[in-house]
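Here are some short exercises on pockets and on one residue's surroundings. Have the structure open as you go, and try each task before reading its solution.

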Amino acid sequence: MNSFVAIDFETANQYRSSVCSVGLVFVENHEVVNSYYELIKPTPNFYCGWATDIHGINYWDTKSAKTFPEVWQKIGNRINGLPLVAHNSPFDEGCLKAVHNFYEMDYQNYQFHCTCRASRKLLPDLPNHQLHTVSEHLGFTLTNHHNALADAEACAYIAIKIF
């Protein structure tokens with residue numbers, strides 16, 4: 001896979017539709033060519049303490065943020081049929097489907113690939129297959145873990161190395 005988009009969502013609460021930030025890293029011919037980050041007003045619009053403890057985003061950060069349809073209108077076309085790559089893709093794919101469903105948006109059956117699953121197969125001797133462990137093993141130090149863009153950057157690096 002030469003070209004793809006690494007994607008990461010953070011959520012505000014237990015609902016997958018509650019995306020509160022998105023990070024995208026665009027890769028062409030095994031090279032990062034662009035990136036995108038935006039805060040999103042979550043749906044439903046409330047934050048659980050455990051979620052804020054993980055990523056640091058709270059109600060006040062997204063109070064005036066755009067809704068998911070407004071954000072996706074800007075970035076959906078940029079994906080333009082490219083495969084999506086995520087670390088633990090069932091979570092991010094579930095978020096994308098849930099928020100599309102919440103807003104009754106057409107879902108394009110995006111093709112997802114999972115760097116976590118791939119790392120389990122290709123790097124079975126790692127102590128775990130968490131994003132920071134795999135990326136560091138492959139030479140990328142993940143700083144600012146649980147920032148959607150930082151996590152998407154680490155995921156892109158892993159994908160470039162193992163796909």
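**Exercise 1.** Describe the second largest pocket: its volume, its central residues and its lining.

*Solution.* Start with the space itself: the second largest pocket has a volume of about 240 Å³. Next, look at its centre: of the 15 residues that line this pocket, Trp72, Gly76, Asn77, Gln108 and Tyr110 are the closest to it. Then turn to the secondary structure: helix H3 (residues 68–79) gives the most to this lining, with five residues. Finally, sort by class: six lining residues are nonpolar, eight polar and one charged.

The model is predicted, so local features need pLDDT of at least 70 and side-chain atom pairs count only at pLDDT 80 or more, while totals for chains, interfaces and linings use all residues. Residues are numbered from 1 along each chain as its sequence is written, and side-chain values use heavy atoms, with hydrogens and water left out.

**Exercise 2.** Is Thr62 buried or exposed, and which residues is Thr62 in contact with, leaving aside its neighbours within four places in sequence?

*Solution.* First, locate Thr62 in helix H2 (residues 59–62). Second, check its accessibility: Thr62 counts as buried (under 20% relative accessible area, 1.4 Å probe, protein chains only) because its relative accessibility is 0%. Third, list the contacts (heavy atoms within 4.5 Å): leaving aside neighbours within four places in sequence, they are Cys20, Leu39, Ile40, Lys41, Pro42, Tyr47 and Ile57. Last, pick out Tyr47, whose side chain is joined to that of Thr62 by a polar contact of 2.7 Å.

Methods: On a 1 Å grid over the protein atoms alone, a cavity is a set of points where a 1.4 Å probe fits but cannot get out, and a pocket is an open set with protein on both sides within 12 Å along at least five of seven lines; lining residues have an atom within 4 Å of a point. Grid points are joined across faces, edges and corners, and a volume is the space filled by probe spheres set on the points. Helices (H or I, at least four residues) and strands (E, at least two) are DSSP runs, numbered from the N terminus. Ala, Val, Leu, Ile, Met, Phe, Trp, Tyr, Cys and Pro count as nonpolar, Asp, Glu, Lys and Arg as charged, and the others, Gly among them, as polar. Buried means under 20% relative accessible area, exposed over 50%, partly exposed in between (1.4 Å probe, protein chains only). A polar contact is a pair of N or O atoms within 3.5 Å; within protein, one must be able to donate a hydrogen and the other to accept it, and residues adjacent in sequence count only if both atoms are side-chain atoms.
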